[in-house]
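Q: Please take a close look at one strand of this model and its surroundings. I would like a connected account of how that strand is paired, and then of how the rest of the chain is arranged and how confident the prediction is.

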Amino acid sequence: MDPLLSVRNLCVHYAVRHGGRDGVVKAVDGVSFELAAGETLAIVGESGCGKTSTAYAILGLERATAGTIEFEGKALGNADERGRSGAMQIVSQDPSAALNPRMRVGDSIAEPLAISGARPILRRARVAELLELVGLPPGSAARYPGELSSSRVRSRVHPSS
């Protein structure tokens, strides 16, 4: 079976100027991995080792200096946001950055469904289902993120099959 995501020899280099001299910071230099559907990959390392640069290059938010990225068997070009929209998303490690504080929780959750063309009745049902999945009552959809208590959200781990 072909991998869902294939990253080969990914490089992300940044031009820098320090002390009047031009240079290059090699944030990512030759990273390769494959990820099958249903698999989870964790990229860990110290601050500044290139984790975010790797993720941003895969998402098309950062320009790769070299390497190839394939998603669902299709090559993704550099900074090709249109080819990636909806297919991949960032889940921020900062919970306060996860939802737009100016949007109601339900609207934030429903936004990608609306973009994909789902009808309003289906969006509402899916929002309710997702809220239940994380242990929030249906009324949470009408609240703003700052009105939710983090102690009310429970984590669920689903074993892989």
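A: Strands β1 and β3 run antiparallel and are joined by five bridges. The model is a predicted one, and the pairing can be followed at the level of a single residue: Ser6, which belongs to strand β1 (residues 5–18), has Glu70 of β3 as its bridge partner. Beyond four places in sequence, Ser6 touches Thr68, Ile69 and Glu70, and also Phe33 and Glu34. The relative accessible area of Ser6 is 5%, so this residue counts as buried, the cut-off being under 20%.

Strand β1 also pairs with β2 (residues 21–35), again in an antiparallel sense, and here twelve bridges join the two strands. Leu5 of this pairing stands opposite Leu35 in β2. The hairpin formed by β1 and β2 has two residues between the strands, and within this hairpin Gly19 takes a positive phi near 60 degrees.

Seen along the sequence, these strands belong to a protein that follows the pattern β-β-α-β-β-α-α-α, with four helices and four strands. Between α1 (51–59) and β3 (66–71) there is a loop, and Leu61 lies in it. Together with Tyr56 and Ile90, Leu61 makes a nonpolar surface patch of about 270 Å².

For the protein as a whole, 20% of the 161 residues count as buried, and the exposed surface comes to about 11700 Å², of which carbon and sulfur atoms supply 52%. Among contacts with a separation of 6 or more, 48% are between residues 24 or more positions apart.

The confidence of the prediction varies along the chain. The average pLDDT is 83, and 82% of the residues score at least 70. Strand β2, the hairpin partner of β1, has the highest mean pLDDT among the elements, at 94, whereas helix α2 (residues 81–84) has the lowest, at 52. Over residues 151–161 pLDDT stays under 50, and for this stretch the model has twelve contacts beyond four places in sequence.

Notes: Residues numbered from 1 in each chain as written. Predicted model: local features only at pLDDT ≥ 70, side-chain atom pairs only at ≥ 80, totals over all residues. Heavy atoms only, no water. Buried < 20%, exposed > 50% of the residue type's maximum accessible area, 1.4 Å probe, protein only. Contact = heavy atoms within 4.5 Å. Patch = residues over 30% accessible without salt bridge, like charges linked within 9 Å, V, L, I, M, F, W, Y side chains within 5 Å. Areas by Shrake-Rupley, 256 points an atom, 1.4 Å probe, with all protein chains shown as cover. Salt bridge = Lys/Arg side-chain N within 4 Å of Asp/Glu carboxyl O. Pairing = 2+ DSSP bridges. pLDDT = per-residue confidence, 0-100.
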